[in-house]
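Student: I would like to go through this model with you and ask, at each step, what a term rests on.

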Amino acid sequence: MDHVRYIDKTRDYYLSQGYEKSYDWARNDEVAFAPLDKPLSECKVGMLSTSELAVRYDAETEDNPITEEGFRGVYSIPADTPTERFYSRTSSFDAVATHLDDVNAYFPVDRLREAVASGRIGSIPDRLYGAYNNYSKRKVLEEEAPNALALAREDEIDALLLVPV
Amino acid sequence: MSLIARYIEEHGIPTVTIATARDIVESARVPRLLFVDFPLGNPCGEPWNTPQQCEIFETALVTLETADTPGATVEAGYSWSGGEDWKRTVFTEDQPFLSGAAQEEWLARKDEYRKLRGEGKV
């Protein structure tokens, strides 16, 4: 079976719920392209998720390891966080068809670490990135995108893997 | 997410996006898309299927290394092991995409929107 047409499905759903307009998904014809300029085995590779990735911690003895403000924008998580502590706070996934119990199914942190261990990629930064979904395309371009770029530049990454949930 | 990928790439850092919502990401157009035809929530492989996750991750890395056409989509080529029924039911009124608390929040927002619209404020 062919892939799901989410744009059509969300339009139908909005209209069926009484809205006069559906969400206006981004449309672009052109896109920038920056080729890798060295082997991946020499690259520092970052990873960014929109799964509202969070970390379990003991609030009585630990601080929240996540650096975020007000549950919006772009945030970071220590890259050495044990895998079993990660979880997703999002409800924007197909909860009928699947679940988010395995972080590696939507945020492949172990696969990333294995790639470093095997030498497939050079390294990863000391923190992983998260971004809250923002329905305002203007705000994404004015806030989330520049803030994500700032993290990427501070960490001097050579490439970025993005995993929308 | 797609807009962030575009922005990062515009500033010189190569990106690859692994996604399940092919039409949404292709409409926004990212520099490199690895499309995985799975339900929303599992773009990087089925839960606990480590070999499959490894292959998808490696395909993303190869895409990063070898893609030479801006905006091109690579298909991962897997089918969901539970069958394709999820494609028919996702995001319909019979089987709403949102459930539980998320559905309640959606309904609350809808009511608020309708109220504001009734008052001519939106």
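Tutor: Let us begin with the terms for chain B: a run that DSSP assigns as H or I counts as a helix if it has at least four residues, and a run of E counts as a strand if it has at least two. In this predicted model, chain B has five helices and three strands by that rule, and from the N terminus on they follow the order α-β-α-β-α-β-α-α.

Student: What makes S7(A) and S1(B) paired strands?

Tutor: Pairing requires at least two bridges found by DSSP. Three bridges join S7(A) to strand S1 (residues 15-19) of chain B, so the requirement is met; the two strands run parallel, and Leu161(A) stands opposite Val16(B).

Student: How do you know that Leu160(A) is in contact with residues of chain B?

Tutor: The test is that C-beta atoms, placed from the backbone, lie within 7 Å. Leaving aside neighbours within four places in sequence, Leu160(A) has among its contacts Ile8(B), Ile13(B) and Thr15(B), as well as Gly46(A), Leu48(A) and Ala152(A) of chain A. Across the two chains, 61 residues of chain A are in contact with 61 residues of chain B, and H3(A) gives the most to the side of chain A that touches chain B, with eight residues.

Student: Why is Leu160(A) called a member of a nonpolar core?

Tutor: Such a core takes in buried residues of types that include Leu, joined through C-beta atoms within 7 Å. The largest one has 64 residues, and Leu160(A) is listed with Ala148(A), Ile4(B) and Ala60(B) as touching the most other members.

Definitions and conventions
Residues are numbered from 1 along each chain as its sequence is written. Chains are lettered from A and ligands numbered from 1 in the order in which they are written. This is a predicted model: local features need pLDDT of at least 70, side-chain atom pairs count only at pLDDT 80 or more; totals for chains, interfaces and linings use all residues. A residue is buried if 20 or more other C-beta atoms lie within 10 Å of its own, exposed if 12 or fewer, and partly exposed in between; C-beta atoms are placed from the backbone.
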